Amino acid sequence: MEKRSILSYETVSLDDAKSALVIIDQTKLPYETVISELTTQKQIWDAIYRLEVRGAPAIGIAGAMGVYLAAKEINTEDYKEFCEQFKKAKEYLDSSRPTAVNLSWALNRMESIVLNNKTATVAEIKKLLHDEAVEIKAEDVWVCKTIGEYGVTLIKDGDGVLTHCNAGQLATAKYGTATAPMYLAHEKGYKIKVYADETRPLLQGARLTSYELHSAGIDVTLNCDSASSTILKNGWVQAVFVGCDRVAANGDTANKVGTANLAICAKYYNVPVYICAPTSTIDMNCKNGKDIHIEERPSEEITEMWYTNRMAPDGVKTFNPAFDVTDNQCIAGIITEYGIAYPPFEESLKEIFVKKNNTKK
């Protein structure tokens with residue numbers, strides 16, 4: 001029997017008949033492919049917090065589907081009571097990952113369905129919530145492919161590209177964000193070479209990015225994070241593509257820890273850094289990177305998570321931020337589904353949203 005490619009699975013989906021959120025448990029990859037059916041709000045909260053489902057777009061989809069499942073279980077016909085219980089469920093899921101703006105964006109979008117349909121029955125609202133959650137996922141596929149179409153214009157046949165963490169299909173509904181230009185370049189027949197930072201301490205580059213790109217038949221080389229400076233210095237790559245969890249109005253970008261180091265180094269060696277950012281990750285209410293709350297993860301991720309024996313002394317202090325902020329001066333462009341924003345980002349990001357709003361009309 002032919003082994004099934006990881007790319008043939010859905011990262012996150014809804015099984016409405018079973019009232020379940022269905023995910024690939026990414027903490028088990030690449031050793032085994034475990035499909036989890038999550039039927040309680042605690043299971044969904046834990047899956048988001050523990051990075052069983054991860055990547056800003058996938059988290060947003062999981063949040064939308066999760067809060068729909070919470071709404072489905074609310075047993076009342078009273079609109080006010082329904083709203084109160086829905087709000088509690090929304091706030092609970094929102095507390096699982098504070099940095100990724102997609103989660104709060106998706107949950108707020110779901111809440112707007114409730115607030116904007118006061119004259120509907122509770123049953124009708126539940127149906128609208130279902131449809132909205134499904135639509136959020138469908139939109140993500142379009143968003144990622146369109147980001148890829150803009151991004152691939154920045155790649156030439158034979159180019160080398162470098163990426164950090166996993167902003168691939170495993171982080172989205174399909175294509176990924178930072179990997180979308182790579183997948184589309186591969187579809188065009190371009191002979192590109194991808195370098196994937198292993199991405200300490202959770203090894204998303206090693207376990208996820210190199211795994212999915214290799215599965216797709218793309219030429220990918222896994223490297224230690226600290227080797228990226230040598231790769232850049234040697235001229236092996238012509239561009240860096242990374243995803244993001246939040247973009248501030250001035251273009252400062254929060255992404256997996258280590259991205260800022262990479263961007264500073266790339267700027268020194270004159271290699272452009274492109275942020276692949278769905279507009280849902282751009283927070284125009286966030287003035288700059290100083291306003292982005294950075295989540296700190298458990299110390300065990302550094303000291304013992306990947307080792308048979310503990311690799312740090314008992315009682316040692318740790319510093320384990322999940323993200324860092326890349327200064328906008330180190331970013332060549334921000335690729336969205338409505339075009340590429342270039343410096344100065346204060347102006348170009350506003351133009352992106354003008355285009356988005358006009359397109360919706």
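The exercises below, each with a worked solution, concern the fold, the voids, the cysteines and some backbone details of a predicted model.

**Exercise 1. Overall form**

Task: Decide whether the radius of gyration of the chain agrees or disagrees with that of a compact globule, and describe the chain's overall make-up.

Solution. Begin with the length: for 361 residues, a compact globule would have a radius of gyration near 21 Å, and the chain has 20 Å, so the two agree. Next take the extent along the principal axes, where the C-alpha atoms fill a box of roughly 65 × 55 × 50 Å. Then turn to burial, for which the computed share is 57% of the 361 residues. Contacts with a separation of 6 or more come next, and 74% of these are accounted for by residues 24 or more positions apart. Finally, the secondary structure of the chain amounts to eleven helices and 14 strands.

**Exercise 2. Enclosed cavities**

Task: Find how many cavities of 30 Å³ or more the whole structure contains, and characterise the lining of each.

Solution. The search of the whole structure returns two such cavities. The largest has a volume of about 220 Å³, and its lining comprises 24 residues, with Arg54, Gly55, Ala56, Asn166 and Asp245 nearest the centre. Sorting this lining by class gives eleven nonpolar, nine polar and four charged residues. As for the elements involved, helix 2 (56-72) and strand 9 (253-256) each contribute at least two lining residues, and the largest share, three residues, belongs to helix 2.

The second largest cavity has a volume of about 40 Å³. Its lining is made up of Pro201, Leu202, Lys256, Val257, Arg297, Glu301, Asn320, Pro321 and Ala322, which divide by class into five nonpolar, one polar and three charged residues.

**Exercise 3. The largest pocket**

Task: Determine which helices each supply at least two residues of the lining of the largest pocket, and which element gives the largest share.

Solution. The space in the largest pocket comes to about 260 Å³. Its lining has 18 residues, and those closest to the centre are Trp105, Arg109, Glu139, Val143 and Glu337. Helix 2, helix 4 (101-115), helix 5 (122-151) and helix 11 (345-360) are each the source of at least two lining residues, while the largest share, five residues, comes from helix 5. By class, the lining holds eight nonpolar, four polar and six charged residues.

**Exercise 4. Cysteines and disulfides**

Task: Establish how many disulfides the structure holds, and examine the surroundings of Cys165 and Cys244.

Solution. The count of disulfides is zero. For Cys165, the nearest cysteine sulfur is that of Cys244, 11 Å away. For Cys244, the closest cysteine sulfur lies in Cys276, at 8.2 Å, and because this is too far for a bond, the pair is not joined; the cut-off that applies here is 2.5 Å. Accessibility completes the picture: Cys165 counts as buried at 7% relative accessibility, and Cys244 is likewise buried, with a relative accessible area of 7%.

**Exercise 5. Backbone details**

Task: Locate the cis peptide bonds that precede Pro201 and Pro344, and the non-glycine residues Cys165 and Tyr175, which have positive phi.

Solution. The bond from Arg200 to Pro201 is cis, with omega near 0 degrees, and Pro201 belongs to the loop between strand 5 (193-197) and helix 7. Pro201 is also one of the residues that line the second largest cavity. A cis bond likewise joins Pro343 and Pro344, where omega is about 0 degrees, and Pro344 sits in the loop between strand 14 (339-341) and helix 11.

Turning to phi, Cys165 has a value of about 65 degrees and lies in the loop between strand 4 (160-163) and helix 6 (180-187). Tyr175, with phi of about 75 degrees, is placed in the loop between strand 4 and helix 6. At 13% relative accessibility Tyr175 counts as buried, since the cut-off for that class is under 20%.

**Exercise 6. A loop residue**

Task: Is Ala17 buried or exposed, and where does it lie?

Solution. Ala17 is found in the loop between strand 1 (12-15) and strand 2 (20-24). Its relative accessible area is 77%, so Ala17 is exposed, the cut-off being over 50%.

Terms used
Residues are numbered from 1 along each chain as its sequence is written. This is a predicted model: local features need pLDDT of at least 70, side-chain atom pairs count only at pLDDT 80 or more; totals for chains, interfaces and linings use all residues. Side-chain values use heavy atoms; hydrogens and water are left out. On a 1 Å grid over the protein atoms alone, a cavity is a set of points where a 1.4 Å probe fits but cannot get out, and a pocket is an open set with protein on both sides within 12 Å along at least five of seven lines; lining residues have an atom within 4 Å of a point. Grid points are joined across faces, edges and corners, and a volume is the space filled by probe spheres set on the points. Helices (H or I, at least four residues) and strands (E, at least two) are DSSP runs, numbered from the N terminus. Ala, Val, Leu, Ile, Met, Phe, Trp, Tyr, Cys and Pro count as nonpolar, Asp, Glu, Lys and Arg as charged, and the others, Gly among them, as polar. Buried means under 20% relative accessible area, exposed over 50%, partly exposed in between (1.4 Å probe, protein chains only). The radius of gyration is taken over C-alpha atoms; the globule rule is 2.2 Å times the number of residues to the power 0.38. Contact means heavy atoms within 4.5 Å.
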